[in-house]
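Hi,

Here is the structure I promised to pass on to you. Have a look at it first, and then read my notes below.

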Amino acid sequence: TVPLLVLVVTAGVAAGGWLGGRGMAWSGPILALASLLLAVGAGSGRPAGLVAVAMAFGAFQWAIVAADLRLQERISDGARATLTSVAGFGTEAVAVLTFAAYGLGSAHLGAGPLFALAAVPYAIVATAMWRNRD
């Protein structure tokens, strides 16, 4: 059962990547919905909740692709390699900090509540994006 559930989440991420770049004006509302889906799906404690988690991960992947596209559009050719590298480093640094926080939190909470808590930063970013639309 576990490989099939992982496949559902992977399919969500793949769909998000495929849809990346479309509908970028909806970034804030889509991320807000995705944060809600992540919290509800992860907090449900049920295998069916992974469908909501898969949809959330798909939306997050969509947003990552959209952010990368925006970055590429706004920087000049001469600075592209440097800024892309700095952005990649920032992404990796945040990922490592997230893994560390998950590891520390796992001493006190299970995976479901930790993933539900991980929805909070997404909701904050979604609110900021919604308020500061281009």
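**What I found**

There is 1 salt bridge in the structure. Keep in mind as you read that this is a predicted model. The salt bridge joins the side chains of Asp77 and Arg80, with 2.9 Å from N to O. In general, side chains of opposite charge can pair when their charged atoms come close. Both of these residues belong to helix α4, and they sit 3 residues apart, which is about one turn of the helix.

Are the two partners buried or exposed? Asp77 has a relative accessible area of 65%, so it counts as exposed, since the cut-off for that word is over 50%. Arg80 comes out at 27%, so it is partly exposed.

**How confident the prediction is**

The average pLDDT for the protein is 88, and 99% of the residues score at least 70. Where is confidence highest, and where is it lowest? Helix α1 (residues 2-19) is at the top with 91, while α5 has the lowest mean, 87.

**The nonpolar core**

Next, try finding the largest nonpolar core, which has 14 residues. The members that touch the most other members are Leu31, Ala34, Leu38, Val53, Ala56 and Phe60. Which helices supply at least two residues each? They are α2 (27-44), α3 (49-74) and α5 (111-131). The biggest contribution is from α3, which gives 7 residues.

Leu31 is a handy residue to click on here. If you leave aside its neighbours within four places in sequence, Leu31 is in contact with Ala59, Phe60, Ala63, Val125, Ala126 and Met129.

One of those contacts, Val125, deserves its own look. Val125 lies in helix α5, and its relative accessible area of 42% makes it partly exposed. That value is why Val125 does not count as buried, a word kept for residues under 20%. Val125 and Leu38 are 87 residues apart in sequence, and their C-alpha atoms are 14 Å apart in space.

Now go to Ser27, which is in helix α2. Its relative accessibility is 4%, so Ser27 is buried. Which residues does Ser27 touch, once its neighbours within four places in sequence are set aside? They are Trp62, Arg70 and Met129. Met129 is also in contact with Leu31.

**A nonpolar patch on the surface**

Have a look at the outside too. Leu109, Leu117, Val120 and Ile124 make up a nonpolar patch on the surface, and together they have about 360 Å² of accessible area. Leu109 is placed in the loop between α4 (77-105) and α5. With 38% relative accessibility, Leu109 counts as partly exposed.

His108 is in the loop between α4 and α5 as well. At 70% relative accessibility, His108 is over the 50% cut-off, so it counts as exposed.

**Apart in sequence, apart in space**

Here are some pairs you can check yourself with the distance tool. How far apart are the C-alpha atoms of His108 and Leu69? They are separated by 38 Å, with their positions 39 residues apart along the chain.

Ala111 makes another pair, with Ile75: they are 36 residues apart in sequence and 39 Å apart in space, C-alpha to C-alpha. Ala111 is in helix α5 and counts as partly exposed, at 41% relative accessibility.

Then try Gly112, also in helix α5. Gly112 and Gly43 are 69 residues apart in sequence, yet their C-alpha atoms are 5.1 Å apart in space. Setting aside its neighbours within four places in sequence, Gly112 is in contact with Ala42 and Gly43.

Have fun exploring, and write back with any questions!

Methods
Residues numbered from 1 in each chain as written. Predicted model: local features only at pLDDT ≥ 70, side-chain atom pairs only at ≥ 80, totals over all residues. Heavy atoms only, no water. Core = buried A, V, L, I, M, F, W, Y, C linked by side-chain atoms within 4.5 Å. Buried < 20%, exposed > 50% of the residue type's maximum accessible area, 1.4 Å probe, protein only. Helix = DSSP H or I, 4+ residues; strand = E, 2+ residues; numbered from the N terminus. Contact = heavy atoms within 4.5 Å. Patch = residues over 30% accessible without salt bridge, like charges linked within 9 Å, V, L, I, M, F, W, Y side chains within 5 Å. Areas by Shrake-Rupley, 256 points an atom, 1.4 Å probe, with all protein chains shown as cover. Salt bridge = Lys/Arg side-chain N within 4 Å of Asp/Glu carboxyl O. pLDDT = per-residue confidence, 0-100.
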